[in-house]
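Please open the structure in your viewer and keep the sequence panel beside it. The stops below are meant to be selected one after another.

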Amino acid sequence: MVRSHREYAARNRREELDPSRFASEEAVVLSPIPCWVHLTPAAYRQRVAALVDDIEAEAALARKRSGASVLGVAAILAQDPHYRPTSLARSPAPLVHAATKAARKFFYETYAAFVAAFRAATEALRRGERDAPFPAGSFPPALPFVAG
């Protein structure tokens, strides 16, 4: 629940709170997503319905594979909406977020190649090769100051 500043101040002054006193009306304007803005309203509804059907079919297939069942209205209404687990399973975030494991592996390999090329160029620079090729997008280390 969002509380207004005026409601917060009234609560601190221990005033009697009338919920309608601090209520405000908001208008929510729904508009098509940008990639579908060119569609007619009927075509837009049809696409949204198709997406929902696809999601429901995928969920039904996943439930069938796992043997899980739908929770049901009574079970959902019996749940406490403010329930918080006593502990959460935490794991470190991946170094890069990707849609698939293959994409994540590709990013790791690309980064490893970038680091290897940068280190090789740095070593060449230390050996005195001033034209050592650094990978694109990198910032080569600064050269030492040489007095004239």
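What should the 26 residues of helix H2 span, and how far apart are its end C-alpha atoms? This is a predicted model, and a helix is a convenient place to begin reading it. Select residues 41–66, which make up H2, and place a distance between the C-alpha atoms at its two ends: they are 38 Å apart, and because 1.5 Å a residue gives an expected span of 38 Å, the two values agree. Then step just past the end of H2 to glycine 67, where the backbone takes a positive phi of about 80°.

Before moving on, colour the model by confidence. The mean pLDDT of the protein is 89, with 97% of its residues at 70 or more; confidence is highest in H2, at a mean of 95, and lowest in H1, at 82.

Next, select arginine 14, which is found in the loop between helix H1 (5–12) and H2. Although arginine 14 is not a glycine, its phi is positive, at about 60°. Its relative accessibility is 75%, and because exposed means over 50%, arginine 14 counts as exposed.

Stay in this region and display the side chains of arginine 13, glutamate 15 and arginine 21. Side chains of opposite charge can pair when their charged atoms come close. Arginine 13 and glutamate 15 meet in a salt bridge at 2.6 Å, N to O, while glutamate 15 also forms a salt bridge with arginine 21, whose closest N and O atoms are 3.2 Å apart. Glutamate 15 counts as partly exposed at 30% relative accessibility, and arginine 21 is likewise partly exposed, with a relative accessible area of 41%.

A further pair can be selected at arginine 127 and glutamate 129, which form a salt bridge with their closest N and O atoms 3.3 Å apart. Here arginine 127 counts as exposed at 59% relative accessibility, whereas glutamate 129 counts as partly exposed at 36%. Returning to the earlier trio, salt bridges that share partners join Arg13, Glu15 and Arg21 into one network. A search of the whole structure finds six salt bridges.

From glutamate 129, move to alanine 124, which is in contact with Glu129 and also with Ala132, leaving aside its neighbours within four places in sequence. Which residues make up the largest nonpolar core? Select Ala121, Ala124, Leu125, Ala132 and Phe134, the five residues that form this core.

Now go to serine 138, in the segment after helix H4 (101–126). Is serine 138 buried or exposed? Its relative accessible area is 15%, and because buried means under 20%, serine 138 counts as buried. A polar atom of its side chain lies 2.6 Å from the backbone oxygen of proline 135. Show Phe114 and Phe118 as well, since serine 138 is in contact with both of them, its neighbours within four places in sequence being left aside.

For a last stop, select serine 87, which lies in the loop between helix H3 (73–78) and H4. In contrast to the buried serine 138, serine 87 is exposed, with a relative accessible area of 57%. Add leucine 71 to the selection and draw the C-alpha to C-alpha distance: serine 87 and leucine 71 are 16 residues apart in sequence and 23 Å apart in space.

Technical notes. Residues numbered from 1 in each chain as written. Heavy atoms only, no water. Helix = DSSP H or I, 4+ residues; strand = E, 2+ residues; numbered from the N terminus. Expected span 1.5 Å × (residues − 1). Buried < 20%, exposed > 50% of the residue type's maximum accessible area, 1.4 Å probe, protein only. Polar contact = N/O pair within 3.5 Å; in protein donor to acceptor, adjacent residues only side chain to side chain. Contact = heavy atoms within 4.5 Å. pLDDT = per-residue confidence, 0-100. Core = buried A, V, L, I, M, F, W, Y, C linked by side-chain atoms within 4.5 Å. Salt bridge = Lys/Arg side-chain N within 4 Å of Asp/Glu carboxyl O.
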